[in-house]
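Work through the exercises below with the sequence and the model open. Try each task before reading its solution.

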Amino acid sequence: MDNLHVGDYVFFARVVKSCDVYEVLKLKLRTVDHNAGWFVGFDVKTKITFLFNGDDIGKIIFINENDAKSVVKTAKKTRKEVN
């Protein structure tokens, strides 16, 4: 988390299985609190903000877009039909 700074871009592998949402969002960081271990990013297209814990890095937040796409692709393979 020490390498994140305000203005950096990260990629959010957004997987919401109950709503059948599988997407990668490009977020620009607007707030980073190194002491508390959280950060806020907003989607560059929709301006929707998301709050994350520092532990999310490497799980759903990635510096590299291809890593985020890989997580979403894997989740799509195991998805179930939503009615």
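**Exercise 1. Charges and surface**

Task: State how many positive and negative side chains the protein has, and how far apart the centres of the two sets lie.

Solution. Step 1: settle what is counted. Lys and Arg count as positive and Asp and Glu as negative, while His and the chain ends are not counted. Step 2: place each charge, at NZ of Lys, CZ of Arg, CG of Asp or CD of Glu. Step 3: the protein has 14 positive and 11 negative side chains. The centres of the two sets are 7 Å apart. Step 4: for the surface, the protein exposes about 5600 Å², of which carbon and sulfur atoms supply 48%. These areas come from the Shrake-Rupley method with a 1.4 Å probe, and for residues only the protein chains shown count as cover.

A note on the model: it is predicted, so local features need pLDDT of at least 70 and side-chain atom pairs count only at pLDDT 80 or more, while totals for chains, interfaces and linings use all residues. Residues are numbered from 1 along each chain as its sequence is written, and side-chain values use heavy atoms, with hydrogens and water left out.

**Exercise 2. Overall fold**

Task: Give the pattern of secondary structure along the sequence, and say why the protein counts as compact.

Solution. Step 1: apply the rule for elements. Helices (H or I, at least four residues) and strands (E, at least two) are DSSP runs, numbered from the N terminus. Step 2: this gives 1 helix and 5 strands. In sequence order the pattern is β-β-β-β-β-α. Step 3: the radius of gyration is 13 Å, close to the 12 Å that the globule rule gives for 83 residues, so the protein is as compact as a globular protein of that length. The radius is taken over C-alpha atoms, and the rule is 2.2 Å times the number of residues to the power 0.38. Step 4: the C-alpha trace spans about 40 × 25 × 20 Å along its principal axes. Step 5: 29% of the 83 residues count as buried. Buried means under 20% relative accessible area, exposed over 50%, and partly exposed in between (1.4 Å probe, protein chains only).

**Exercise 3. The sheet**

Task: Write down the strand order of the sheet and explain why its edge strands have a side without a neighbour.

Solution. Step 1: strands of a sheet pair through backbone hydrogen bonds, either parallel or antiparallel. Two strands pair here if DSSP finds at least two bridges between them. Step 2: the open sheet of 5 strands has the order β4-β3-β2-β1-β5, with antiparallel pairing. Step 3: β4 (49–53) and β5 (61–62) stand at the edges with a single partner strand each, so one side of each has no neighbour in the sheet.

**Exercise 4. Around β3**

Task: Describe how β3 pairs with β2 and with β4.

Solution. Step 1: β2 and β3 pair over 6 bridges in the antiparallel sense. One bridge joins Val32 to Phe39 in β3. Step 2: β3 (residues 38–43) pairs with β4 over 5 bridges, also antiparallel. Phe39 stands opposite Phe52 in β4, Val40 has Leu51 as its bridge partner, and Gly41 has Phe50. Step 3: 5 of the 6 residues of β3 are buried. Step 4: in β4 the side chains alternate, with Phe50 and Phe52 pointing to one face and buried, whereas Thr49, Leu51 and Asn53 point to the other and are not.

**Exercise 5. Three loop residues**

Task: Are Gly37, Lys47 and Asp20 buried, exposed or partly exposed?

Solution. Step 1: Gly37 lies in the loop between β2 and β3, a hairpin with 4 residues between its strands. Gly37 is buried, with a relative accessible area of 16%, and has a positive phi of about 80°. Gly37 touches Met1, Phe52, Asn53 and Gly54, not counting residues up to four places away in sequence; contact means heavy atoms within 4.5 Å. Step 2: Lys47 is in the turn of the hairpin of β3 and β4, which has 5 residues between the strands. Lys47 is exposed at 54%, and its phi is positive, about 65°, although it is not a glycine. Step 3: Asp20 sits in the loop between β1 (9–16) and β2 (21–33). Asp20 is partly exposed, with a relative accessible area of 33%, and its phi is near 60°. The C-alpha atoms of Asp20 and Arg79 are separated by 8.0 Å, with their positions 59 residues apart along the chain.
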